[in-house]
Amino acid sequence: MKLLTRRVLALGMPLLFTACATVGPPLPPSLELPKPPADLRATRKGDKVTLTWTIPAVTTDRQAVRSMGSTRICRGGETSLTQCGAPVGVASPQAIPVANSPRQKISGTYTDTLPLPTENANPSGFATYAVEVLNADGRGAGLSNQIRVSLARTLPPPENFAAHVTNQGIVLTWASVRQGASTGQVRYVYRIYRRQEGSQQQVLAGEVPSGGEPAFTDSSFDWGKTYEYRVETVTAIVRENNSELQVEGDDSAEVKVFADDIFPPAVPAGLQAVFSGPGQKAFIDVIWAPVTDVDLDGYNVFRHEDGAAPVRVNAELLKAPAYRDAGVVSGKRYFYSVSSVDVRGNESTRSEEASEAVP
């Protein structure tokens, strides 16, 4: 019995020594201060500044964030903020992202309204933004990176925005916006955007300098589709290094228009008819000046004798501005006219006639 007890003790001693070797000094408690964001971004449209940042997943001592408080929105007129002071806004607590997981990044966002500038506001002025993320106890580790946003005055959106379809394209018109006081540093531009119905993609259709006629013709679209248009006024500030800072104003109301092409191409001109001459098989060559419409599909040629109705003589659309009529008879005079047809089947009126006699 004593021998068995000694063997059990001998086998158990190494296990006791191994367990004691894992014990280490206790770790200090985490302060649980979220690490300040380093990717604060800002976009301005009109008097609204939208801030976005990545919500921190770790604390300043590299521990996973366990609880999240609100985020203070800081704005100041100085070049660099040393502290938040009185925040201009507070973003509510967000979901806590998973630490060390790039796919789990969560963005915070806040939209601030700038104080309304006067007409004589300094166009070179800036506001500096930062955010401070707090823990559940209302404590933070300091400010994020800082972003400067222009305080230049933007104009209200144009009114009476309208669109109508012509054979040259979609014509957009609006009421001029009163510019007010400005300096040589500032210019204003109307910027027109187009979006096809059912799509989220915004396409810049064109720009028009202010001071001129408030109208623009868009010819870069596809016929047979529905589009939505908007226009805004952009404030462009020329800086000391001759670079240009642009601030977008608010959007006008959208207008919807269906690009229905019911417009025929141009009427052919310069029509001539020439007989082949003696000594060869009789025919009449008909030629005319090319129609330059970009959607032209071809031409139709019409012929008639004196007192008869014109009849089309080509079976298919002619792609070139010429036609040889070999179905002529000696002793008769023939009258010719030509029409143009676009890819959607719209046909022009017939051209002025040209005639030729066959001896």
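# Notebook: a disulfide, sheets and cores

**Entry 1, the cysteines.** I looked up C74 and C84 to begin with, and both are buried. A reminder to myself: this is a predicted model. How many disulfides does the structure hold? I found one. The disulfide joins C74 to C84, with an S to S distance of 2.1 Å. I then computed the torsion about the S-S bond of C74 and C84; the value is about -105 degrees, so the disulfide is left-handed. C74 lies in strand β3 (residues 71–76), while C84 belongs to the loop between β3 and β4 (89–91), so the pair ties together parts that are ten residues apart in sequence.

**Entry 2, the sheet around β3.** From the disulfide I moved on to the partners of β3. Four strands form an open sheet here, in the order β4-β3-β6-β7, and their pairing is antiparallel. Which strands stand at the edges? β4 and β7 (147–150) do; each has a single partner strand, so one side of each is left without a neighbour in the sheet. On average, neighbouring strands of this sheet are turned by 30 degrees against each other, direction ignored. I also checked the link between β3 and β4, which pair in the antiparallel sense over three bridges. For a register mark, I noted that I73 stands opposite G89 in β4.

**Entry 3, the other open sheet I looked up.** This open sheet of four strands runs β19-β18-β21-β22, again with antiparallel pairing. Its edge strands are β19 (311–312) and β22 (354–357), each pairing on one side only. Strand β18 (residues 296–305) meets β19 in the antiparallel sense over two bridges. In this case I took R303 as my marker; R303 stands opposite V311 in β19.

**Entry 4, the two faces of β5.** I had a general point in mind here: in a regular strand the side chains alternate between the two faces of the sheet. Which residues of strand β5 (residues 107–113) form the covered face? I listed G108, Y110 and D112 as covered, with S107, T109, T111 and T113 on the uncovered face. Seven bridges join strand β2 (residues 48–54) to β5, and the two run antiparallel. T50 has T111 as its bridge partner in β5, and T111 is one of the residues on the uncovered face of β5.

**Entry 5, the cores.** Next I went through the nonpolar cores. The largest has 23 residues, and the members that touch the most others are F161, I170, L172, W174, I192, F216 and Y229. Where do its residues come from? β9 (169–173), β10 (186–196), β11 (203–209), β13 (226–238) and β15 each supply at least two. I picked W174 for a contact list: leaving out residues up to four places away in sequence, W174 touches P158, E159, N160, F161, Y190, I192, V208, P214, A215 and F216. Apart from this core lies another, of 17 residues, including L318, V328, V338 and A354.

**Entry 6, positive phi.** N160, one of the contacts of W174, caught my eye for its backbone. Phi of N160 is near 55 degrees, a positive value in a residue other than glycine. N160 sits in the loop between β7 and β8 (162–166), and its 60% relative accessibility makes it exposed. R62 goes on this page too: its phi is near 65 degrees, likewise positive and not in a glycine. R62 lies in the loop between β2 and β3. Is R62 buried or exposed? I get a relative accessible area of 77%, so R62 is exposed.

**Entry 7, A266.** I found A266 in the loop between β15 (255–258) and β16 (272–275). With 36% relative accessibility, A266 is partly exposed, because the middle class runs from 20% to 50%. Setting aside residues up to four places away in sequence, I list V291, D293, S340 and S348 as its contacts. I also looked up A266 against S351: the two are 85 residues apart in sequence, and their C-alpha atoms are 9.7 Å apart in space.

**Entry 8, the whole chain.** I finished with the totals. The protein chain has one helix and 22 strands. Of its 359 residues, 37% count as buried. Among contacts with a separation of 6 or more, 64% are between residues 24 or more positions apart. The accessible surface comes to about 20700 Å², and carbon and sulfur atoms account for 53% of that.

Note on methods:
Residues numbered from 1 in each chain as written. Predicted model: local features only at pLDDT ≥ 70, side-chain atom pairs only at ≥ 80, totals over all residues. Heavy atoms only, no water. Disulfide = S-S within 2.5 Å. Buried < 20%, exposed > 50% of the residue type's maximum accessible area, 1.4 Å probe, protein only. Pairing = 2+ DSSP bridges. Axes fitted to C-alpha atoms, helices over the stretch in contact; angles between N-to-C directions. Contact = heavy atoms within 4.5 Å. Core = buried A, V, L, I, M, F, W, Y, C linked by side-chain atoms within 4.5 Å. Areas by Shrake-Rupley, 256 points an atom, 1.4 Å probe, with all protein chains shown as cover.
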